[in-house]
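Me: I've got a protein model open and I'd like to learn how to read it. Can we go through a few features together?

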Amino acid sequence: MNLVLLQNWLDNASFAVLFLTMLVYWVGAAFPGLRFLPTVGTAGMAIANLCIATLLGARWLEAGYFPISNLYESLFFLAWGVTAVHLIAESSSRSRLVGVFTAPVAMGIAAFAALTLPSDMQTSAPLVPALKSNWLMMHVSVMMLSYAALLVGSLLAIAFLVVSGGKEIELHGSSVGTGGYRQNGYRLQRNTDLTQLSPAVAADASNPLMLETNGNGKTAVLNVVTSSTPDSSTGGFDKIFGSSSKGSSDKLTSTTADSLTLSPQRLSLAETLDNISYRTIGLGFPLLTIGIIAGAVWANEAWGSYWSWDPKETWALIAWLVFAAYLHARITRGWQGRRPAILAATGFVIVWVCYLGVNLLGKGLHSYGWFF
């Protein structure tokens, strides 16, 4: 079997599959009535993940070492990690909105590797002496997996900001830390909490307490609400975002001065995205910590110094500090909702600067030297 030809076919196939999958997710978000599209999107991400895994396996057989030694290989390893974490996050959240944000990123990574990089950077070559170490697999693979988890978690935080419209909302979920909650008229309760409600209250359709369940077995509870009756011609809330097509005539408004307009469905989706984002970043952060420590040990063996303030090392430390602040704010300060999501979105940019920015534009021990 010609392994080089197989690799060329697989990298283009993975890009094509991810591009079509991205379109499927976007069409599914625009037309939520097409209920078969989420299944097609999930299948597309799984096929792309398998194609990239086969590509990396063929590369491993051809070169004789774990394929993460150059930019081409690391990009496809990152794309594989993003698709793998996406499948986990989507399975946990059961929301098609995850793919709307993650599929374009995975597709962009594959496109950059397969269509943009010069051909000499796509060809496998013997390892330089500094890379002939068992630390290559330990350090680089863990760092790339941490990047994948942090990127997906940050993307879900960005999705949360989109769903919530950047509003301050109160989330009572398992992802909230030990701090207090802001009282703004909105709260989320689980189904088990509903048993505390009076049966008469729960059965009273005229009561201003609105309940709505979703597929995750969670219930959004919107209290202290003065609501207008939705127009029967609207067909109910939007299946994705929970907003009515009639606009302001169907909005639910709080009794507070700054009226919030989030429906129960949208609140429930926001809680799910916030929860999965927190857990995904919680997975990526220890991987990033292990990767940095492994890199320091390897640097000491190769260059006689644990830390040399190389641009890559500096930005990896910045990324570590940003996500450490994110987790600290959530766990010990009780931050939830908009503020930690903005911090995670900042981390999304910093991870890309750490991974590609300093490698391609800067000079240092980790520079690929493509642009300069």
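Me: Is Phe19 buried, partly exposed or exposed?

Reply: Keep in mind that this is a predicted model. To place a residue, look at its relative accessible area: under 20% is buried, over 50% is exposed, and in between is partly exposed. Phe19 has a relative accessible area of 35%, so it's partly exposed.

Me: What about Phe15, buried or exposed?

Reply: In between again: Phe15 comes to 21%, so it counts as partly exposed. Phe15 and Phe19 both sit in helix α1, four residues apart, which is about one turn of the helix.

Me: How do I read aromatic pairs, and how many are there?

Reply: Rings pair if their centres lie within 6.5 Å, and the angle between the planes gives the type: over 60 degrees is edge-to-face, under 30 is stacked, and the rest are tilted. This structure holds ten aromatic pairs. One of them is Phe15 with Phe19, a tilted pair with 6.3 Å centre to centre and 35 degrees between the planes.

Me: Which type of pair do Trp307 and Trp309 form?

Reply: That one is edge-to-face, with 80 degrees between the planes and 5.7 Å from centre to centre. Trp307 is partly exposed at 28% relative accessible area, while Trp309 is exposed at 56%.

Me: Which residues do ring pairs link into a cluster?

Reply: Look for Trp60, Phe66, Phe77 and Trp80; ring pairs join them into a cluster.

Me: Now the surface. Which residues make a nonpolar surface patch?

Reply: Val27, Phe31, Leu34, Phe36 and Val40 make one of about 450 Å². Try finding Phe31, in the loop between α1 (3-30) and α2 (37-63). Its relative accessible area is 51%, so Phe31 counts as exposed.

Me: How many disulfides are there?

Reply: A disulfide is a covalent bond between the sulfur atoms of two cysteines. Here the count is zero. You can still practise on the cysteines: Cys51 is buried, with 13% relative accessibility, and Cys354 is buried too, at 0%.

Me: Let's zoom out. How many helices and strands does the chain have?

Reply: Ten helices and five strands. Of the 372 residues in the chain, 48% are buried. The accessible surface of the chain is about 16,700 Å², and 65% of that belongs to carbon and sulfur atoms.

Me: And how do I read the contacts along the chain?

Reply: Ask how far apart the partners are in sequence. Among contacts between residues at least 6 apart, 74% join residues at least 24 apart.

Technical notes. Residues numbered from 1 in each chain as written. Predicted model: local features only at pLDDT ≥ 70, side-chain atom pairs only at ≥ 80, totals over all residues. Heavy atoms only, no water. Patch = residues over 30% accessible without salt bridge, like charges linked within 9 Å, V, L, I, M, F, W, Y side chains within 5 Å. Areas by Shrake-Rupley, 256 points an atom, 1.4 Å probe, with all protein chains shown as cover. Salt bridge = Lys/Arg side-chain N within 4 Å of Asp/Glu carboxyl O. Helix = DSSP H or I, 4+ residues; strand = E, 2+ residues; numbered from the N terminus. Buried < 20%, exposed > 50% of the residue type's maximum accessible area, 1.4 Å probe, protein only. Disulfide = S-S within 2.5 Å. Phe/Tyr/Trp six-rings, centres within 6.5 Å; stacked < 30°, edge-to-face > 60°. Contact = heavy atoms within 4.5 Å.
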